[in-house]
Structure formats: structure tokens, C-alpha cells
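Me: I am new to this structure and would like some help reading it. Could you walk me through a few features?

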Amino acid sequence: MLARIDETGIDSNVSIKLTQFGLELDPELAYRNARRIVEDAARRGNFVRVDMEGSTVTQATIDVFKRLRAEFGLDDVGIVIQSYLYRTMEDARDLLKIPARIRLCKGAYNEPPEVAYPAKKDVDANYVRVMQLLLASGVYHGIATHDPKMINATIEFAQREGIGKEAFEFQMLYGIRRDLQDQLARDGYRMRVYVPYGKHWYPYFMRRLAERPANIWFVLKNLWK
Ligand SMILES: Cc1cc2nc3c(=O)[nH]c(=O)nc-3n(C[C@H](O)[C@H](O)[C@H](O)COP(=O)(O)OP(=O)(O)OC[C@H]3O[C@@H](n4cnc5c(N)ncnc54)[C@H](O)[C@@H]3O)c2cc1C
């Protein structure tokens, strides 16, 4: 995939999930596999984002990421944090010390109240707090959300603090809120679209469905087309 991106010259980087590289079997194996990808991406001047998965692998994911980041540059490899987890503000502070390029999202896994805010309003409030910390850090981060409230809070904070539109990017999932994607791009913001790719689409689809059952119509409509 990295070779094709190179050949076609499209403006794109790659996100990977470490469980697909062996994380739950052996973190060392996942590290070695991910390292091969990051090494190739770095050689090509591309960037690899390590997605964040369920809370049982949060620490293991961060540990592998830190090892990769120790070997590769800020612009070679980045990570994701989820505002629904209680630990996330601490993780953000810790990762910024390295520093690291971070994607902030709300979180897509079904988590127990022992580790994650059960109420949406708390997840959102934490999102805004962490977003502010990230934007103020001066590192190039990704603000991943389709939520107009989170997007407006980001725009307002950036304007208030004099943070330029080129200093961060918005990110949304392929096919979701395309109107908002277009609008942000027209307004001069950087807008990256996450495109799921590969044969194992089912778990991805189930997470989207759990978030929003109406997505079933979106999928059926597109299959029909
Ligand atoms: C680029 C990108 C990368 C991501 N990477 C990760 C990751 O590594 N780990 C992880 O746990 N999660 C990841 N996520 C998923 C994320 O955690 C949320 O589950 C998802 O983005 C929904 O949250 P929201 O911020 O859009 O807000 P929500 O509060 O869920 O939704 C706000 C509004 O957005 C719209 N919307 C949201 N979701 C949908 C949908 N599926 N279909 C249609 N409309 C919708 C609706 O209008 C909704 O009212 C990623 C999301 C994006 C955009």
C-alpha cells in the first residue's frame, strides 16, 4: 500500500491496528511487524498512525508506539487517544513530552464504567479539554470527529489562541458528514478522510453500526448502487 501511495503520488498516510499485527499474541511480534511498516514509510517520507483499540490493549499499544517513536521521527509515526477513557488526559501529557503526533477521537469500543466515562457529556467535555492541550502544544495533531460541537470548539479555540489553520487537521470517516468535510475544506481547514481498506471489514462495520444503527441504510444503499 505504501508503494502504491508512492507511485500514485496521492496525499495519503496509513493507519494500522496493532492487534492485526499480533499484539494479543505477543507484543514483541506486533512491534517487529509494525516496525517494518514504519521503517518503509519513513524511507518514503510517509507517516504511519497507530490506531487505538479496546482498553485491554491501551497500555500495550502505547508501549509499542513509544518504542517505535524512540527509533523513528515525529513525522514518521503517530498514535491515537480516546476522550472516553479516564486515563487519556494523563496519556496526552505523557505523549506530548516525547513529543508525539496524536489523533484525538472519542473512542469506538464498548468500555465499562471502571475505565471510561459512561455519559456522552463527560466524553465531550474531556474531548474539548484534551483538544485544547493538543492544539496548544505546537505539534501537528489530528482532530477526528464528526461532531459539529467538537469542531466548533476546535475552531474557536484555535482562533482565540492564534493557532493557524495549517497547524492541525480535522479527520472524518469515509462517507460520514461529507457536507461538513466539504465545508471545512472550503473554509481552508485541513480535512483528512479515513478510508477503511482490506478484506476484514466486518469488525469496522460493526463498530460503525453500534455507534449509529442508521448506518445500515448507508451501507445497503451503497451496495445497491
Ligand atoms: C479519522 C478517524 C479515526 C478514528 N480512529 C479511531 C481509533 O483509532 N480508535 C477508536 O476507538 N476510534 C476511532 N475513531 C472513531 C471515534 O472514536 C468515534 O467512535 C466516531 O468518530 C464517532 O464519534 P464522533 O466524534 O463523530 O461523535 P459522536 O458523538 O458519536 O457523533 C456526533 C455526530 O456525528 C455524526 N456521526 C457520528 N458517527 C456517525 C456515523 N457512524 N454515521 C453517521 N453520522 C455519524 C452524527 O451527526 C452525530 O450526531 C476514529 C474516527 C475518525 C473520524
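Reply: Happily; we will take the ligand and then the aromatic pairs. This is a predicted model, in which local features need pLDDT of at least 70 and side-chain atom pairs count only at pLDDT 80 or more, while totals for chains, interfaces and linings use all residues. Residues are numbered from 1 along each chain as its sequence is written, and side-chain values use heavy atoms, with hydrogens and water left out.

Me: Which residues come nearest to the ligand?

Reply: A residue is near a molecule if one of its heavy atoms lies within 4 Å of it. Here 24 residues surround the ligand, and K106, G107, K120, T145 and E211 come nearest.

Me: How do I read polar contacts with the ligand?

Reply: Look for a pair of N or O atoms within 3.5 Å. A ligand oxygen lies 2.6 Å from a polar side-chain atom of T145, and an oxygen of the ligand is 2.8 Å from a side-chain N or O atom of H146. At M52, a polar backbone atom is 2.7 Å from a ligand nitrogen.

Me: How much of the ligand does the protein bury?

Reply: Accessible areas come from the Shrake-Rupley method with a 1.4 Å probe. Taken alone, the ligand exposes 920 Å², and the protein buries 85% of that.

Me: And how are aromatic pairs described?

Reply: By the distance of the ring centres and the angle of the planes. Rings of Phe, Tyr and Trp (its six-membered ring) pair if their centres lie within 6.5 Å; planes under 30 degrees apart count as stacked, over 60 as edge-to-face and the rest as tilted. The whole structure has five aromatic pairs. The ring centres of Y86 and Y117 are 4.8 Å apart with planes at 85°, so this pair is edge-to-face.

How values were computed. Polar contact = N/O pair within 3.5 Å; in protein donor to acceptor, adjacent residues only side chain to side chain.
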